[in-house]
Amino acid sequence: MPFKTSHYIAGRFTDDEPSLPVENPATGQELTKVADASPEQAMTALDAAVDAAEEFAATEPRYRAELLRSAYEAIISRTDEFAETMTLEMGKPLEESRGEVTYGAEFLRWFAEETPRVYGRWSTAPSGGSRLLTMKQPVGPVLAITPWNFPLAMATRKLGPAIAAGCTSVLKPAQLTPLTALLLMDVFDSVGLPAGVVNCFVSSDSAATTGPIIADPRLRKLTFTGSTAVGVTLLEQAADNVLRTSMELGGNAPFLVLAGADVDRAVEGAIVAKMRNIGQACTAANRFIVHHSHCEEFATKFARRVCELVIGNGMDDGVKIGPLVSAGALDGVESVVREAIDAGARALVGGSRIDRPGHFMEPTVLVDVDPASKVFREEIFGPVAPIVPVGSTDEAIALANDTSYGLMSYAYTDDLDEGLTVSERLQFGMVGLNTGLVSNPAAPFGGVKASGLGREGGPEGINEYLEIKYVGIGMK
């Protein structure tokens, strides 16, 4: 299928010669090449965003809402094209890619509806004699840096509220999966988004291209989804110009199966929370903490369900587990599993890479896991589920909270009081109570501690792109 392969800057696709290979992780073969931006070319994207900023900030909310609504409809109408592009460059099964198209497009529809609902406030000063007026205005040009694992949704989750708020943007998608982002640019172009409102460049050297943009005082916001280590570096860079920042960083999500849980329901939730996107999600369940009364049953049934998952090229019918995104990702996951097994863990199913073209790892369920081991302490980003038994709810919560991360958590129990209490005590920005999937454009997505700051989605999402201005009005 044909792909967009050049940058999108100032309302047009550039004429740059493609030179940066994009791999199909299911085959290990080159899919196509895309243009590779230099630092100077990346700065032209910021120039375009700055040039368009004042005029776009002054547009009517309804106008911006209609642009977003049109883009939403255009994406839905091209679902197959987007889904196939995602599967080819990232590897997830086609069924999941179609789900991401629906999910990613929904951010544009949600923020289209939020656009005219940006409100200020008018009040009388407590002492009388003056009036207090607050208004919300666009923060200014935005740099959005997105990851490879959800190449459409991570872009729309940032660009949707930016457009709704009246901000212009520069998007830097992941080098591994640029094709979906460039296809999104084609959608924005087709619906008449004004030149410079959204710009996109691809680069093999993220630091060299984004560093000068972050250092430029004309940039006013940085939003990033990715690892905590990179997020910390970006926060340090953003501090020089006191940029507004939104950071959605790493996770180490616990999955609690408590004494009051329905085990069958928990197993089905675990399949979604762990194996969706081949385990390559910051929200993926990473540590399975199971009450000892359920541990053997849960582990056995979970392993049985994992064995039923069809592994293969995501373009093939019936496939549920595709490849990991790269050879490096496969090496890393296999290494962590091997280390755990060498330390005494036992694989009920899986445990090794698959000897075939591409980057395939067997879905793996581990028991007899040491809670101090790397497989339990660090984000795995692959289809690996380590299980540890606990004797009480208090022990489960203590083990769940024993991490520097605080993005996503899951808890299963049919005891409502227990469920609500556990939800309050878990030190995470999000809790999935009796569900393995909580991401929703209408809900605020984000974490605490080393998992980041700010929220994306929900009514809160647009506020990340708005500044509050206060006007004090003297009265006679």
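In this predicted model, the charged end of lysine 4 sits over the ring of phenylalanine 13, at 4.9 Å from the centre of that ring. A second arrangement of this kind involves lysine 221, whose charged end sits over the ring of tyrosine 465, 4.8 Å from the ring centre.

Aromatic rings also pair with one another, and a search of the whole structure finds ten aromatic pairs. In the pair formed by phenylalanine 255 and tyrosine 410, the ring centres are 5.7 Å apart and the planes meet at 35 degrees, so the pair is tilted; this follows because planes under 30 degrees apart would count as stacked and those over 60 as edge-to-face. The pair links distant parts of the chain, since phenylalanine 255 belongs to strand β12 (residues 253–257) and tyrosine 410 to strand β17 (residues 408–412), with their positions 155 residues apart in the numbering. Are phenylalanine 255 and tyrosine 410 buried or exposed? Both phenylalanine 255 and tyrosine 410 are buried. These two residues are also members of one aromatic cluster, which is formed by Phe255, Phe288, Phe298, Phe302, Tyr410 and Tyr412.

The pockets can be described next, and the table sets out two of them.

| Pocket | Volume | Lining | Residues nearest the centre |
|---|---|---|---|
| Largest pocket | about 690 Å³ | 36 residues | Pro147, Trp148, Thr225, Gly226 and Ser227 |
| Second largest pocket | about 480 Å³ | 20 residues | Glu96, Val272, Arg276, Asn277 and Leu437 |

Which elements each supply at least two residues of the lining of the largest pocket? They are α5 (153–165), β10 (221–225) and α8 (228–239), and the largest share, three residues, comes from α8. When the residues of this lining are divided by class, 17 are nonpolar, 13 are polar and six are charged.

For the second largest pocket, the 20 lining residues include Glu96 and Leu437, which are among those nearest its centre, and the elements that give two or more residues to this lining are α4 (94–114) and α9 (263–275). Of the elements, α4 gives the most to the lining of the second largest pocket, with five residues. By class, this lining has ten nonpolar, three polar and seven charged residues.

Notes: Residues numbered from 1 in each chain as written. Predicted model: local features only at pLDDT ≥ 70, side-chain atom pairs only at ≥ 80, totals over all residues. Heavy atoms only, no water. Phe/Tyr/Trp six-rings, centres within 6.5 Å; stacked < 30°, edge-to-face > 60°. Helix = DSSP H or I, 4+ residues; strand = E, 2+ residues; numbered from the N terminus. Buried < 20%, exposed > 50% of the residue type's maximum accessible area, 1.4 Å probe, protein only. Lys NZ or Arg CZ within 6 Å of the ring centre and 35° of its normal. 1 Å grid on protein atoms, 1.4 Å probe; cavity = no way out; pocket = protein on both sides within 12 Å on 5 of 7 lines; lining within 4 Å. Points joined across faces, edges and corners; volume = space filled by probe spheres on them. Nonpolar A, V, L, I, M, F, W, Y, C, P; charged D, E, K, R; others polar.
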